[in-house]
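Q: Please walk me through how the helices of this protein pack against each other, and explain why each descriptive term applies.

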Amino acid sequence: MAVLALTVYATISAILIVPPLLVEIATDLDISVAVAGQLATATFAGWAVMGISGGPLSDSFGRRPVALACLAVLSISVLASAFAPNLEILLALRVLTGLGGGALPPNIVGSVSDVISPARRARAVGALLAIQGLASAITVPFVAVLADLGGWQLAFIVYGLTLAVGLLANWLWLPEARSARVRNWEFFSRYRSLVSLRFFRVAVAVNIAQRVAFWGMISYFAAYLIHTYGLSIGFVALPLAISAVGQMVGSYSASFVANRRSRAVSIAACTVLGGMCGFLLFAFDLGLWASVAAAAVGTGLLSITFPVLVAASTEYSGESKATGVGLMGFSNQAGGFLGAGIAGALLASTGYAGVGYLCFAVCIVSALLTTLFGRQFGETAGQSKA
């Protein structure tokens with residue numbers, strides 16, 4: 001569990017490293033913040049591709065080989081990003097970062113699901129996913145401090161080395177599978193069986209809409225504070241840390257929501273309230289600390305849905321647990337791709353207020369889908385219907 005926790009932290013940090021650095025990267029490369037924001041879009045695109053492929057790879061070829069290969073790619077791409085001479089190469093390296101990181105979350109949850117009973121699985125998955133919030137609480141402000149001390153390149157070097165440590169830890173201590181595993185990639189058959197279940201069809205749509213809001217808020221929050229309130233890259237670390245604590249609390253709270261029969265109503269309510277916080281944050285000048293509070297509450301509420309759906313997916317996915325988690329991961333990264341891309345376009349054309357309207361609109365769509373098909377979220381695998 002310690003090795004898996006380190007892997008989660010290092011992997012999520014590789015994704016979260018970009019948003020706090022947008023202003024620094026834009027200034028250094030002589031581009032706009034909206035254009036620099038497409039680095040996040042590129043990362044999510046690669047992550048989405050591997051997220052949907054990584055689950056079958058993990059289920060078919062084993063957790064350990066997938067972990068080692070992906071961590072090697074992540075380490076190299078993040079370290080190389082520190083030496084990228086222009087935007088084009090940096091974009092290519094961020095796509096590679098997404099490809100390396102996309103298979104790791106389903107691989108990690110699959111490893112846990114292999115050895116933990118269903119009764120304890122939701123709590124264990126929720127705890128591991130809460131580390132994503134911990135990664136935000138540590139990484140996002142720490143990256144801002146590193147950039148203030150040595151430029152944005154220093155942050156990539158530090159976290160590239162962190163990923164290398166994670167690679168070494170997995171090589172030394174991640175065990176081989178206890179049972180023999182069939183060495184073939186049953187890609188289409190695994191996804192065909194899961195997509196035939198109504199739960200996965202509904203859950204993917206719900207999560208994509210909601211994560212558009214979450215990643216739209218995350219991607220441009222630091223830049224909003226810097227431009228609106230004139231904060232330095234060093235000082236912005238404190239508001240980012242406060243916001244990240246909200247995400248950590250939300251992710252951990254999901255472990256208590258996941259086992260409730262009323263989880264559909266719970267995540268729909270949290271989604272609407274989270275979207276409203278995003279709308280207030282970007283559409284109105286609330287003042288610095290009120291804006292930070294809105295971001296902390298909003299991202300915290302929006303951090304609940306994804307862990308709940310991941311835990312629920314293990315109830316439905318049978319022997320293809322990593323594939324099920326990968327399908328949910330794909331919806332997460334697809335939401336990130338759309339959120340960063342659309343929010344960037346709105347920022348360039350309408351300003352930050354457009355990001356706020358986007359957050360609220362997609363959260364309403366997600367909540368409506370959740371309530372319309374809420375019965376699927378309350379069923380167990382044995383009761384699910386195609």
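A: Among contacts in the protein chain between residues at least 6 apart in sequence, 86% join residues at least 24 apart, where contact means heavy atoms within 4.5 Å. This is a predicted model, in which local features need pLDDT of at least 70 and side-chain atom pairs count only at pLDDT 80 or more, while totals for chains, interfaces and linings use all residues. Residues are numbered from 1 along each chain as its sequence is written, and side-chain values use heavy atoms, with hydrogens and water left out.

Q: What makes up the protein chain in terms of helices and strands?
A: The protein chain has 18 helices and zero strands, these being DSSP runs numbered from the N terminus (H or I of at least four residues for helices, E of at least two for strands).

Q: Why is Gly-329 called buried or exposed?
A: Buried means under 20% relative accessible area, exposed over 50%, and partly exposed in between, with a 1.4 Å probe and protein chains only. Gly-329 has a relative accessible area of 10%, so Gly-329 is buried. Its place is in helix H16 (residues 321–350), and the C-alpha atoms of Gly-329 and Trp-47 are separated by 8.6 Å although the two are 282 residues apart along the chain. Across the protein chain, buried residues make up 61% of the 386 residues.

Q: Why are H12 and H14 described as roughly parallel, antiparallel, perpendicular or oblique to each other?
A: The axes of helix H12 (residues 237–257) and helix H14 (residues 288–302) come within 7 Å and cross at roughly 25 degrees; axes are lines fitted to C-alpha atoms, for helices over the stretch in contact, and angles run from 0 to 180 degrees between N-to-C directions. Angles under 35 degrees count as roughly parallel, over 145 as roughly antiparallel, 65 to 115 as roughly perpendicular and the rest as oblique. H12 and H14 are therefore roughly parallel to each other. H12 passes H14 in a right-handed crossing, a term used if the near helix is turned clockwise from the far one by less than a right angle, with left-handed used if anticlockwise.

Q: Which residues of H12 and H14 meet?
A: Leu-238, Pro-239, Ile-242, Ser-243, Gly-246, Gln-247 and Gly-250 in H12 meet Trp-289, Val-292, Ala-295, Ala-296, Thr-299 and Gly-300 in H14. By class, seven residues of this contact are nonpolar, six polar and none charged.

Q: What makes H11 roughly antiparallel to H15?
A: The axes of helix H11 (residues 198–229) and helix H15 (residues 305–316) come within 11 Å and cross at roughly 165 degrees, and that angle makes H11 roughly antiparallel to H15. Their crossing is left-handed.

Q: How do H13 and H15 run, and why?
A: The axes of helix H13 (residues 263–283) and H15 come within 10 Å and cross at roughly 155 degrees, and H13 and H15 are therefore roughly antiparallel to each other. The crossing of H13 and H15 is left-handed.

Q: What is the largest nonpolar core, and how many residues does it have?
A: A nonpolar core is a set of buried Ala, Val, Leu, Ile, Met, Phe, Trp, Tyr and Cys residues joined through side-chain atoms within 4.5 Å. The largest has 87 residues, and those with the most contacts inside it are Ile-17, Leu-21, Phe-156, Val-236 and Leu-281. H11 provides the largest share of this core, 13 residues. A second, separate core of 23 residues includes Leu-194, Phe-199, Ile-304 and Ala-312.

Note on methods. Ala, Val, Leu, Ile, Met, Phe, Trp, Tyr, Cys and Pro count as nonpolar, Asp, Glu, Lys and Arg as charged, and the others, Gly among them, as polar.
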